[in-house]
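Biologist: I'd like to learn how to read a model like this one, feature by feature. Could you walk me through it?

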2 protein chains.
Amino acid sequence: MMSTAQRKSPRGSAPTLPTAERHAEAFEHIRSAHQTETAEDYVEMIADLIDAHGEARLVDIAGRFGVSHPTAKKIIDRLQREGLVTSRPYRSIFLTDKGRSLAEYCKRRHQVVLAFLKALGVSDRNAEIDAEGIEHHVSKETLEAFAAFVTRESGSGQS
Amino acid sequence: MMSTAQRKSPRGSAPTLPTAERHAEAFEHIRSAHQTETAEDYVEMIADLIDAHGEARLVDIAGRFGVSHPTAKKIIDRLQREGLVTSRPYRSIFLTDKGRSLAEYCKRRHQVVLAFLKALGVSDRNAEIDAEGIEHHVSKETLEAFAAFVTRESGSGQS
DNA sequence: TGTCAAGTGTAGCAACGGCTACATTCATTG
DNA sequence: CAATGAATGTAGCCGTTGCTACACTTGACA
């Protein structure tokens with residue numbers, strides 16, 4: 001028992017591994033990203049709906065995300081608390097300036113990621129699915145690298 | 001008011017948009033991916049710890065993720081329910097065969113994504129952060145495209 | 001104008017992943 | 001062998017995102 005590992009602390013556990021902190025940092029980053037993912041998706045969707053139909057109704061938002069309307073309602077309420085949308089009882093939902101600029105950033109980012117995956121040779125279907133997941137985890141630097149690749153590829157190579 | 005949009009249903013809302021289902025499908029995919037993300041991260045971490053110290057203690061797992069030990073405990077319990085790990089009171093945590101193979105797949109996938117981002121020119125720091133987030137949303141096809149790109153780039157180009 | 005269905009609101013439940021506070025076990029060490 | 005502190009277990013709280021069931025508004029149309 002106890003075997004292979006060298007120990008220091010009285011009851012086992014690692015000798016205050018230096019790697020731990022670096023890892024924890026990355027995962028903390030991920031957790032906070034998760035909190036904003038939903039907001040980004042909803043804001044972008046609301047912008048799309050307003051674009052398409054002139055307004056964003058709760059039922060449409062829920063339908064597009066494939067969730068029940070109370071679920072969508074709760075999220076809209078949160079977005080309102082955060083100052084991204086405005087919502088009055090039985091009325092459609094609107095974006096604030098803050099919400100609108102977030103939506104525009106997300107839309108652009110989404111398009112870059114999607115175009116990038118397609119340029120890499122991924123099928124349209126998988127590119128669309130993966131882009132939805134990947135876009136929220138792309139740093140500014142990575143996004144720029146994606147954009148540069150798309151430009152490079154479409155500019156020269158792949159006939 | 002009501003303005004720009006053409007309406008059909010009695011109370012507004014979109015005319016059963018055909019786009020809705022396609023979108024909902026992608027988001028459903030994302031939600032299910034989120035459910036497995038944590039499991040993947042933990043299983044991979046446990047494998048790393050066993051590799052490094054011969055065993056995986058709860059306190060080390062919690063430390064590496066930067067969460068409290070009860071949080072890690074709950075997740076370990078869930079992994080055990082799902083048959084990915086074994087855990088006995090006051091003992092260290094082990095992977096089942098299922099857990100081990102999942103960990104190996106995740107580790108390989110992580111390495112491909114990380115190498116890919118670096119090959120694209122992303123800095124080490126951002127590549128590591130982004131890889132943690134991106135890896136869970138990469139389909140088999142996209143992963144292969146990433147791997148192919150890494151091979152291609154390291155094989156010929158960038159001296 | 002009254003009816004009625006669609007849309008919206010609200011209540012309450014579950015699972016997940018955070019946390020703190022406190023109880024328990026275990027292994028080292030005196 | 002007993003004590004002590006680290007590791008683990010447990011209880012209970014919160015917020016988020018799911019859900020169903022039921023109540024209420026609204027707007028279109030007979």
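Biologist: Let's start with a single residue: is Ala127(B) buried or exposed?

Modeller: Keep in mind that this is a predicted model. The general idea is to look at the relative accessible area, where under 20% counts as buried. Ala127(B) comes out at 0%, so it is buried.

Biologist: Where does Ala127(B) sit, and which residues does it touch?

Modeller: Its place is in helix 5 of chain B. Leaving out residues up to four places away in sequence, Ala127(B) touches Leu114(B), Leu117(B), Lys118(B) and Val122(B). You can also check a backbone distance: the C-alpha atoms of Ala127(B) and Val113(B) are 8.6 Å apart, with these positions 14 residues apart along the chain.

Biologist: Now the overall layout. How many helices and strands does chain A have?

Modeller: Chain A has 6 helices and 2 strands. Read from the N terminus, the order is α-α-α-β-β-α-α-α. As for burial, 45% of the 159 residues of chain A count as buried. For the fold's long-range character, take the contacts in chain A with a separation of 6 or more: 54% of them are between residues 24 or more positions apart.

Biologist: How do I read the packing of two helices, say helix 2 and helix 3 of chain A? At what angle do their axes cross?

Modeller: You look at the approach of the axes and at their angle. Helix 2 (residues 58-65) and helix 3 (residues 69-81) of chain A have axes that come within 9 Å and cross at roughly 110 degrees. Therefore helix 2 of chain A is roughly perpendicular to helix 3 of chain A. By class, their contact has 5 nonpolar, 1 polar and 1 charged residues.

Biologist: Which residues meet there?

Modeller: From helix 2 of chain A come Leu58(A), Ile61(A) and Ala62(A), and they meet His69(A), Ala72(A), Lys73(A) and Ile76(A) of helix 3 of chain A.

Biologist: And the nonpolar cores? How many residues does the largest one have?

Modeller: Think of a core as buried nonpolar side chains linked by contacts. The largest nonpolar core has 32 residues, and those with the most contacts inside it are Phe116(A), Leu117(A), Phe146(A), Phe116(B), Leu117(B) and Phe146(B). Helix 4 (97-120), helix 5 (124-134) and helix 6 (140-155) of chain A and the helices 4 (97-120), 5 (124-134) and 6 (140-155) of chain B each supply at least two residues of this core. Apart from it lies another core, of 21 residues, including Phe27(A), Ile46(B), Val67(B) and Leu79(B).

Biologist: Can we zoom in on one member? What does Phe116(B) touch?

Modeller: Skipping residues up to four places away in sequence, Phe116(B) touches Phe116(A), Leu120(A) and Phe146(A) in chain A, along with Phe146(B), Phe149(B) and Val150(B) in chain B.

Biologist: That takes us to the interface. How many residues of each chain are in contact?

Modeller: 57 residues of chain A are in contact with 57 residues of chain B. The two chains bury about 4900 Å² between them, and 56% of that is on carbon and sulfur atoms. On the chain A side, Phe27(A), His53(A) and Arg64(A) lose the most area to chain B, together 12% of what that side buries.

Biologist: Last one, backbone angles. What is phi of Tyr90(A)?

Modeller: Near 65 degrees, a positive value in a residue other than glycine. Tyr90(A) is in the loop between strand 1 (85-86) and strand 2 (94-95) of chain A, and is exposed at a relative accessible area of 70%. Over in chain B, Tyr90(B) has a positive phi of about 65 degrees and is exposed, with a relative accessible area of 71%.

Notes. Residues numbered from 1 in each chain as written. Chains lettered and ligands numbered in written order. Predicted model: local features only at pLDDT ≥ 70, side-chain atom pairs only at ≥ 80, totals over all residues. Heavy atoms only, no water. Axes fitted to C-alpha atoms, helices over the stretch in contact; angles between N-to-C directions. Helix = DSSP H or I, 4+ residues; strand = E, 2+ residues; numbered from the N terminus. Parallel < 35°, antiparallel > 145°, perpendicular 65-115°, else oblique. Contact = heavy atoms within 4.5 Å. Nonpolar A, V, L, I, M, F, W, Y, C, P; charged D, E, K, R; others polar. Core = buried A, V, L, I, M, F, W, Y, C linked by side-chain atoms within 4.5 Å. Buried < 20%, exposed > 50% of the residue type's maximum accessible area, 1.4 Å probe, protein only. Buried area = accessible area lost by both parts, 1.4 Å probe.
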